[in-house]
Amino acid sequence: MSDYVLKTSNLTKQFKNQVALNKVNLSIKKGSIYGFIGQNGAGKSTFIRIVTGLASPTTGSIELFGQSNGQELIKARKRIGTIIEGPALYPHMTAAENLEAHRLLKGIPGNECVERTLAIVGLQDTGKKKAKNFSLGMKQRLGIGIALLGDPEFLILDEPINGLDPMGVVEIRELLKKLNQEYGMTILISSHILSELHLLATHYGIIHKGNLLEQLTVDELNAKCQQFLHIKVNNPEKAATIIETMLSTNNFEVMPDGCIKLFDYVDTPGKVSSILVNEGLVIEQLMPIGQDLESYFMNRIGGIHRG
Ligand SMILES: Nc1ncnc2c1ncn2[C@@H]1O[C@H](COP(=O)(O)OP(=O)(O)OP(=O)(O)O)[C@@H](O)[C@H]1O
């Protein structure tokens, strides 16, 4: 059994004079939450449409649950749950009625799944309230509920957080975490804002102008974005002792060249410098280094440097 739910090989989509995807080799590990990041027009929707079978590639191939051809690939696609172009809700129906209508459309036997799904997405207490009166976050959760009918193993969501208020973002994040951790679902979620996927994705893929620039794990991304104070003094050993005793932290590293990376006090460099100076050290350099997630993304795609 492959460890991967999805693997693409040189996936390319060319519209008349526009290359929407250029030889994309993307892989998604079973059990991961894969954050697919790219600006508007980067190629995310085109990628998702090909994976879900709504469009075909110009060249290249996809392997889904180990299947890449004909009927087997069609069968493998039945193991995907997705929201295509916004949740297909019936505005005059309640949450339960919406789920029931979609259950019948999908030909899923037995209506027990309706109550179960309502509970999973946290809409079990919405009673007679019609979908048109739901908040955006609730609508999105109902859309995810519809995608969950049929017990998919792989959930694909195109910009599900787009336009939600902060509360809605938290609701969706918590729901997706639950689906991943409690139900073992693998999730592909696209966004044009990297920081939206922070605290959620375990893996990231950055796409720009149809090219997959980088795939990295959350630990690799955090390491790249880690902020620290870069300190260069005349006596690093003494500085290390002072940091430990007077700043009560050992969250620092003395580098081979004698420079110190201090991972605490990044927002209060003045406190660090005054203590070091008071203890008689000469500071040659002391500055915060590192970047936030959004700056990393912008730098990676060649945008403006804000870090
Ligand atoms: N049917 C089409 N015909 C021609 N060009 C298309 C078509 N669909 C997409 N494109 C182009 O392909 C590129 C990638 O579009 P795509 O919708 O995949 O990007 P995206 O990352 O999903 O962005 P968005 O979030 O804006 O949808 C864009 O330049 C877009 O204009």
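**The ligand and the sheet**

User: How far is the side chain of Ser45 from the ligand, counting from an N or O atom to an oxygen atom of the ligand?

Analyst: Let's start with the ligand. This model is predicted, and the distance is computed from its atoms. Between an N or O atom in the side chain of Ser45 and an oxygen atom of the ligand, it is 2.6 Å.

User: How much of the ligand's accessible area does the protein cover?

Analyst: Two other side chains also have a polar atom by a ligand oxygen: Thr46 at 2.5 Å and Asn40 at 3.4 Å. On its own, the ligand has 630 Å² of accessible area. Of this, the protein covers 58%.

User: Which element gives the most residues to the shell around the ligand?

Analyst: The shell has three nonpolar, seven polar and two charged residues. Strand E2 (18-24) and helix H1 (44-51) each supply at least two of the shell residues. With three residues, the one that gives the most is H1.

User: Which strands stand at the edges of the sheet?

Analyst: Six strands form an open, mixed sheet, in the order E6-E7-E8-E4-E9-E10. A strand at the edge has a single partner, so one of its sides is left without a neighbour in the sheet. Those strands are E6 (80-83) and E10 (211-217).

User: Which residue in E8 stands opposite Asp158?

Analyst: Strands E7 (154-158) and E8 (186-191) run parallel and are joined by five bridges. Helix H6 (166-181) lies across both of them, and across E4 (33-37) too. Opposite Asp158, in E8, stands Ser190.

How values were computed. Residues numbered from 1 in each chain as written. Predicted model: local features only at pLDDT ≥ 70, side-chain atom pairs only at ≥ 80, totals over all residues. Heavy atoms only, no water. Pairing = 2+ DSSP bridges. Helix = DSSP H or I, 4+ residues; strand = E, 2+ residues; numbered from the N terminus. Contact = heavy atoms within 4.5 Å. Axes fitted to C-alpha atoms, helices over the stretch in contact; angles between N-to-C directions. Polar contact = N/O pair within 3.5 Å; in protein donor to acceptor, adjacent residues only side chain to side chain. Areas by Shrake-Rupley, 256 points an atom, 1.4 Å probe, with all protein chains shown as cover. Nonpolar A, V, L, I, M, F, W, Y, C, P; charged D, E, K, R; others polar.
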